[in-house]
Amino acid sequence: MTRTLPALLVALGLAATACATSSSPETSTEASGGFPVTIEAANGPVTITERPARIVSLSPTGTEVLFAIEAGDQVAAVDDQSNYPAAAPVTDLSGLEPNIEAIAALEADLVVIMFDVGGETVAALDAVGIPTLVHPAAVDLDDAYTQIEQLGAATGHIAEAAGLVAAMQGDIDGIVSGTEGAGDTYYHELGPDLYSATSATFAGELYAMLGLVNIADGADPDGFGYPQLSAEHIVSQNPDLVFLADTKCCGESAASVAARPGWDTMTAIQTGAIVELDDDIASRWGPRVVEFVAAIAAAIGARVGA
Amino acid sequence: MITLKPARLEWWWMALALGVLAVVATVAIGYGVVPLDAAAIVRSMLDRLPFVDIESGLDERQDAVLWAIRLPRVVLGGLVGATLALAGGAYQGSFRNPLADPYLLGVAAGAGLGATLAIAYLPASSLPISPLIVLAFAGAIGAVAMTYLVGNSVKAGRTSVTLILAGVAVAAFLTAVQTYLLQREAATLRQVYGWILGSLTTVGWHEVLLILPWVIITGGVVLTGRSRLDVLSVGDEEARALGVDPPRVRLVVVLAATLGTAAVVAVSGLIGFVGIIVPHTVRIVFGTSYKVVLPLSIVYGAAFLIVADLVARTLISPGELPIGVVTAFFGAPFFAFVLRSSRGVGT
């Protein structure tokens, strides 16, 4: 009986981790930093008439980007999941179920959200005259860069956004060229229930850039990207590297993983080739992606050096 | 004049059931994501016997897959299925309600709330017993206690239906609290949802040992009450005339069934449908006496869930399906087939 969770909630929860931009967004600006500007986001063309001064970000990645491109002082409020940087004005606002009245009461002049199932939030905000950018989970680095550039254009920080993208590209290129992980296998854990991410996901592409092979590929016939693996599979695959992206959410650690039945026979557990990632860094597509890539590269380096 | 149908458990019915369970368990141990040589599995098992020392041919990781991952999963699947099926039969007998399942009095909602609290606020897994198991168990027991409190506070016209209605109210309330928490802690959504659908993905011997005492208590108490449940089936007034105290039987049997359900749900999540489909199938095929239904439900419940878990872990291998999806997806059509083939014997 009463096992009914609102289906919508579930759909939204999955969308939070699995959403993908269907069309690659493009930006068109008349003049550098000039307004009005029209941005081609996931929800279609969005016109921003003047430089926003009271931005509400309901996307943790959006929040990180806004502060990284020096638009932080234009941010009026961020959602309850936006925990970085520390200067972000955190509120009780939910990105999952945006409260339109609360956003309107903040006198927002630009809203950034991650998803909008059915387009209701955008329509409601539109009705009260607030432009909204829907920036769903990036499918790859180019997608992430595009979102940064769009936020730059939307906030009047085009140069800073371009600088951030160039810096990220440079850093990541540097890490990739200095890393030799060809052929090593890995397991990326999203939760103690053994959900993982395949190479088709944003995180998976970063690992692939560094030459790693994902043991979750092949477990995902539908191409959903986030299969639940069986413990038998993980143990028998004996991945060279284990990455835990469930340290904050779920309290997992190298020790707790080693204590799972049968897992202590894996070489990576025995040799300590197990990396405790910061869940947030490993699941967002903002400026700290560089830190994620660096963490992967460091693990590869430690393994090669061992 | 009330005549009770003479009904007893034929020995070969039980032998058949045990045979089915043995076959199912053997297949479930033999098949998995990782192909293991059948002969090597047998050698490895013989090797574990005292005074036997033979080389299994399995390497260290294959050995771990067999002994630390696959075997406890099969055993736990059996225990969970046996308990849910037995508890379902016990609930149906106690409430004389064919639709009663072990989650009737709020176990599912209470366990769900406990699990949600644990997943959202107590993720530390360094404790000897996972907080999820403890809170899910406590939540299940607490919910049924609440149901009894509410049900017993009714002064006039109290029947077994009163208790069921109290269960509906308690479950609705606890589910509302759980849904609110999920809204607040959206990041836990997937994990909670996965738990609700049920899973034996990460279990080991630890969980088997944890629930074994509760399962044994439940089995003992409920089986002891099987004759009284038969008497109860003729109605409360008549049962009283035959020297049985219906509220007392109901309390003891339901309490025992609840303990076992709470324990297995705490480690496996909310696996639905087993408590309905297994006792009813047994009833349709073998007869309605609880002397038949309860013992056979234990064995067939175990076999059913072991098969369901085998499907859950091999159908989209090396990925996993939630076992609750499997029990409903394959169980419902199977049950419809059984219903069709029966000639209105059942309930």
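The legends below describe close-up views of a predicted model.

**View 1. Overall make-up of chain A.** Chain A contains 13 helices and eleven strands. Of its 306 residues, 53% count as buried. Taking contacts in chain A between residues at least 6 apart in sequence, 62% join residues that are at least 24 apart. The domain assignment splits chain A into domain 1, covering 7-173, and domain 2, covering 178-305.

**View 2. The contact between domain 1 and domain 2 of chain A.** The C-alpha centres of domain 1 and domain 2 of chain A are 28 Å apart. On the domain 1 side, 18 residues are in contact with 14 residues of domain 2 of chain A. Three elements of chain A, namely α1 (7-18), α2 and α6 (158-177), give two or more residues each to the side of domain 1 that touches domain 2. Of these, α2(A) gives the most, with five residues. By class, this side of domain 1 of chain A has twelve nonpolar, three polar and three charged residues.

**View 3. A β-α-β unit in chain A.** Strand β4 (residues 55-57) and strand β5 (residues 75-78) of chain A pair in the parallel sense, over three bridges. One bridge partner pair consists of A:I55 and A:V75, the latter in β5(A). Between β4(A) and β5(A) the chain passes through helix α2 (residues 60-68) of chain A, and the β-α-β crossover is right-handed. Helix α2(A) also appears in View 2, where five of its residues belong to the side of domain 1 that touches domain 2 of chain A.

**View 4. A four-stranded open sheet in chain A.** What is the strand order of this open sheet in chain A? The order is β9-β8-β10-β11, and the pairing is parallel. Strands β9 (213-214) and β11 (274-276) of chain A stand at the edges; each has a single partner strand, so one side of each is left without a neighbour in the sheet. Strand β8 (residues 185-189) of chain A runs parallel to β9(A) and is joined to β9(A) by two bridges. Across this pairing, A:T185 stands opposite A:V213 in β9(A). Strands of a sheet pair through backbone hydrogen bonds, in either a parallel or an antiparallel sense.

**View 5. The chain A side of the contact with chain B.** Here 38 residues of chain A are in contact with 46 residues of chain B. At least two residues of the chain A side come from each of α1, α8 (231-237), α9 (247-250) and α10 (254-258) of chain A. The largest share, five residues, is that of α8(A). The residues on the side of chain A that touches chain B divide into 19 nonpolar, twelve polar and seven charged. Helix α1(A) is thus named both here and among the elements of domain 1 that touch domain 2 of chain A.

**View 6. The surroundings of B:V293.** B:V293 lies in helix α13 (residues 290-314) of chain B. B:V293 counts as buried because it has 30 C-beta neighbours inside 10 Å, where 20 or more are required. Leaving out residues up to four places away in sequence, B:V293 touches B:G89, B:P279, B:V282, B:R283 and B:T288. B:K155 is 138 residues from B:V293 along the chain, and the C-alpha atoms of the two residues are separated by 34 Å.

Conventions. Residues are numbered from 1 along each chain as its sequence is written. Chains are lettered from A and ligands numbered from 1 in the order in which they are written. This is a predicted model: local features need pLDDT of at least 70, side-chain atom pairs count only at pLDDT 80 or more; totals for chains, interfaces and linings use all residues. Two strands pair if DSSP finds at least two bridges between them. A crossover is right-handed if, with the strands pointing away from the viewer, the path from the first strand over the helix to the second runs clockwise. Domain bounds come from an automatic or database domain assignment. Two residues are in contact if their C-beta atoms, placed from the backbone, lie within 7 Å. Ala, Val, Leu, Ile, Met, Phe, Trp, Tyr, Cys and Pro count as nonpolar, Asp, Glu, Lys and Arg as charged, and the others, Gly among them, as polar. A residue is buried if 20 or more other C-beta atoms lie within 10 Å of its own, exposed if 12 or fewer, and partly exposed in between; C-beta atoms are placed from the backbone.
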